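Open the model in your viewer and keep the selection tool at hand. The tour goes stop by stop.

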Amino acid sequence: MPFAHFKVPADTLGPDDKRKIVERTTDLYAEIYGERARATTVVLVDEVVDGGWGVGGHVLTAALLNGDA
């Protein structure tokens, strides 16, 4: 069963954006593994709270990502 796990900043994607991620990821897996994979592909879009992640030893916030900080 193909599985994709996306972690995104909380409150940055609306329902339509999440639907696009699920649909396009499923399409990609079906393209790679064949249509048989479509029915069993799992896509998880997980929202991470503000300040709940970092890169290069620095905590990231929505303000920093948006260039507000």
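Is Asp16 buried, partly exposed or exposed? Select Asp16 and turn on the surface. Asp16 has a relative accessible area of 39%, so it is partly exposed. Bear in mind throughout that this is a predicted model.

**Stop 1: the whole chain**

Zoom out and show the cartoon. The chain holds two helices and four strands. Trace the cartoon along the sequence and the order reads β-α-β-β-β-α. Now look at the overall dimensions. Along the principal axes, the C-alpha atoms fill a box of roughly 45 × 25 × 15 Å. The radius of gyration of the chain is 15 Å, while a compact globule of 69 residues would be near 11 Å.

Switch to the surface. About 5,000 Å² is exposed, and 56% of that comes from carbon and sulfur atoms. Of the 69 residues, 22% are buried. Contacts are worth a glance too. Among contacts with a separation of 6 or more, 61% join residues 24 or more positions apart.

**Stop 2: strand β1**

Select residues 3–9, which form strand β1. Pick out His5 within this strand. His5 shows a relative accessible area of 39% and is therefore partly exposed. Which residues does His5 contact, beyond its neighbours within four places in sequence? Select Leu44 and Asp46: both are in contact with His5. Next, draw a distance from His5 to Ala30. Their C-alpha atoms are 16 Å apart, with the two positions 25 residues apart along the chain.

**Stop 3: helix α1, the buried side chain**

Move to helix α1, residues 15–33. Select Thr25, which sits in this helix. Is Thr25 buried or exposed? Its relative accessibility is 10%, and the cut-off for buried is under 20%, so Thr25 counts as buried. Show what surrounds this residue. Leaving out residues up to four places away in sequence, Thr25 touches Ala4, Phe6, Lys20 and Val43.

**Stop 4: helix α1, the charged side chains**

Stay on the helix and show the charged side chains as sticks. Side chains of opposite charge can pair when their charged atoms come close. Over the chain there are 7 positive and 11 negative side chains. The centres of these two sets lie 7 Å apart. The count of salt bridges comes to seven.

Start with Lys20, a contact of Thr25 from the previous stop. Lys20 meets Asp16 in a salt bridge, 3.7 Å from N to O. Both residues are in helix α1, four residues apart, about one turn of the helix. Lys20 is at 32% relative accessibility, so it counts as partly exposed.

Now select Arg19 and Glu23. What is the distance between the closest N and O atoms of their salt bridge? It is 2.7 Å. Why are Arg19 and Glu23 separated by about one helical turn? Because they are four residues apart in helix α1. Arg19 counts as partly exposed at 37% relative accessibility. Glu23 is partly exposed as well, with a relative accessible area of 39%.

**Stop 5: from the helix to the loop**

Select Asp27 and Arg38. These two form a salt bridge, with 2.7 Å between the closest N and O atoms. Asp27 lies in helix α1 and Arg38 in the loop between α1 and β2, so the pair ties together parts 11 residues apart in sequence. Check both on the surface. Asp27 is partly exposed, with a relative accessible area of 39%. Arg38 is partly exposed, at 33%. Before leaving the helix, select Asp16, Arg19, Lys20 and Glu23 together: salt bridges that share partners join them into one network.

**Stop 6: Ala39 in the loop**

Step on to Ala39, in the loop between α1 and β2. Strand β2 covers residues 42–48. Is Ala39 buried or exposed? Ala39 has 73% relative accessibility, and exposed means over 50%, so this residue counts as exposed.

Finish with one more distance. How far apart in space are Ala39 and Val49, C-alpha to C-alpha? Draw the line between them: 31 Å, for two residues 10 apart in sequence.

Definitions and conventions: Residues are numbered from 1 along each chain as its sequence is written. This is a predicted model: local features need pLDDT of at least 70, side-chain atom pairs count only at pLDDT 80 or more; totals for chains, interfaces and linings use all residues. Side-chain values use heavy atoms; hydrogens and water are left out. Buried means under 20% relative accessible area, exposed over 50%, partly exposed in between (1.4 Å probe, protein chains only). Contact means heavy atoms within 4.5 Å. The radius of gyration is taken over C-alpha atoms; the globule rule is 2.2 Å times the number of residues to the power 0.38. Accessible areas come from the Shrake-Rupley method with a 1.4 Å probe; for residues, only the protein chains shown count as cover. Lys and Arg count as positive and Asp and Glu as negative; His and the chain ends are not counted. The place of a charge is taken as NZ of Lys, CZ of Arg, CG of Asp or CD of Glu. A salt bridge is a side-chain nitrogen of Lys or Arg within 4 Å of a carboxyl oxygen of Asp or Glu.
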